[in-house]
Amino acid sequence: MKPFLSICIPTYNRANKLSRLLNTLRADIFSSGMDGYVQTMVSDNSSSDNTFKVMSKILAADKKIKYFRQPENIGFDANVRFLYEQADSEYVWFFSDDDMPLPAAIPIILKGLKTYNPDILLFSFIQPPGSKRRTFDFPEAYVTVEEPQRMIESVMAWTKLSIYVLRKVLLNEQQKKELEPFLSNAFFFLSLSFSVLSA
């Protein structure tokens, strides 16, 4: 069955944090009964630590996780693009390898996606110690934005990778070409978000 949501994790030299994240996600997916709807994908940017060894152990316990190891470091932005292109789901949730999801995040996100069918969903997460935790504090469970200007403002206001859940769209060659200049600024996911909205 085709997954509804792909959790896409670009990683580089953070084996212990990646292991912590994957174990947390696996527990949330299985405890909520969402394993048929959610796929986890990891793209290792040619890590020089023990990421490959850690992933081999995790994959032995959970063969549903998709693991890609880049033959060389292609950079953060290209790694994000690679994951987006590999996903064959309705939505892609980008997640940084050193962040952590909020409790029960997956069923909440899935409910929001199925109820509102958004092009982009922004969702809070737990940042690493020492980071300023920025969360959405709306009194409503979900807030929808339909005006183009507010959409742009919302995307620009939240520049953390793990916040972004994007609709998976097949970009044409012109759209891909327009994204090329943004492959070295560490914010490719923001440009990709605007491409999704445009499409």
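This passage describes a helix, two pockets, several salt bridges and two buried residues of a predicted model.

The model is predicted, and local features were considered at pLDDT of at least 70, side-chain atom pairs at pLDDT 80 or more, and totals for chains, interfaces and linings over all residues. Residues are numbered from 1 along each chain as its sequence is written, and side-chain values use heavy atoms, with hydrogens and water left out.

Helices and strands were taken as DSSP runs numbered from the N terminus (helices H or I, at least four residues; strands E, at least two). Helix α1 comprises 17 residues, 15–31. The expected span of a helix is 1.5 Å times one less than its number of residues. For α1 the expected span is 24 Å, and this agrees with the model because the end C-alpha atoms are 24 Å apart. Burial was judged by relative accessible area with a 1.4 Å probe and protein chains only (buried, under 20%; exposed, over 50%; partly exposed, in between). By this criterion, Ala15, Leu18, Ser19, Leu21, Leu22, Leu25, Asp28 and Ile29 of α1 are buried. An α-helix has 3.6 residues a turn, so residues three or four places apart point the same way. The buried residues of α1 pack against two strands, β1 (5–11) and β2 (38–44), and against two helices, α2 (51–61) and α4 (105–116). Contact here means heavy atoms within 4.5 Å. After α1 comes Gly33, which has a positive phi near 70°.

Strand β1 also contains Ser6. Ser6 is buried, with 0% relative accessibility. When neighbours within four places in sequence are left aside, the contacts of Ser6 are Gln39, Met41, Ala87, Ser89, Tyr91, Val92 and Trp93. A second buried residue, Tyr84, has a relative accessibility of 3% and belongs to helix α3 (residues 76–86). Residues up to four places away in sequence not being counted, Tyr84 touches Val92, Phe94, Leu166, Arg167, Lys168, Val169, Leu192 and Val196. Between the C-alpha atoms of Tyr84 and Thr115, which are 31 residues apart along the chain, the separation is 23 Å.

Open spaces were examined next. Rolling a probe the size of a water molecule over the atoms shows where empty space is left. On a 1 Å grid over the protein atoms alone, a pocket is an open set of points where a 1.4 Å probe fits, with protein on both sides within 12 Å along at least five of seven lines; lining residues have an atom within 4 Å of a point. Grid points are joined across faces, edges and corners, and the volume is the space filled by probe spheres set on the points. The largest pocket holds about 810 Å³. Its lining consists of 28 residues, and Ile120, Leu121, Leu122, Val143 and Thr144 are the closest to its centre. Two or more lining residues come from each of α4, β5 (120–122) and α5 (148–157), and α5 gives the largest share, four residues. By class, the lining has 18 nonpolar, five polar and five charged residues. In this classification Ala, Val, Leu, Ile, Met, Phe, Trp, Tyr, Cys and Pro are nonpolar, Asp, Glu, Lys and Arg are charged, and the others, Gly among them, are polar.

The second largest pocket has a volume of about 250 Å³. Among its 15 lining residues, Phe76, Ser96, Thr159, Lys160 and Leu161 lie nearest the centre. This lining divides into seven nonpolar, five polar and three charged residues.

Side chains of opposite charge can pair when their charged atoms come close. Ten salt bridges were found in the whole structure, each defined as a side-chain nitrogen of Lys or Arg within 4 Å of a carboxyl oxygen of Asp or Glu. Asp97 and Arg14 form one of them, with an N to O distance of 2.7 Å. This pair links distant parts of the chain, 83 residues apart: Asp97 lies in the loop between β4 (91–94) and α4, and Arg14 in the loop between β1 and α1. Asp97 is buried, at 3% relative accessible area, whereas Arg14 is partly exposed, at 34%.

In another salt bridge, the closest N and O atoms of Lys64 and Asp35 are 3.4 Å apart. These partners are also distant in the chain, 29 residues apart, with Lys64 in the loop between α2 and β3 (66–69) and Asp35 in the loop between α1 and β2. Lys64 is exposed, at 51%, and Asp35 is partly exposed, at 28%. A further salt bridge joins Arg150 and Glu147 (3.8 Å, N to O). Arg150 is partly exposed at 40% relative accessibility, and Glu147 is partly exposed at 42%. Finally, Arg14, Asp97 and Asp98 are joined into one network by salt bridges that share partners.
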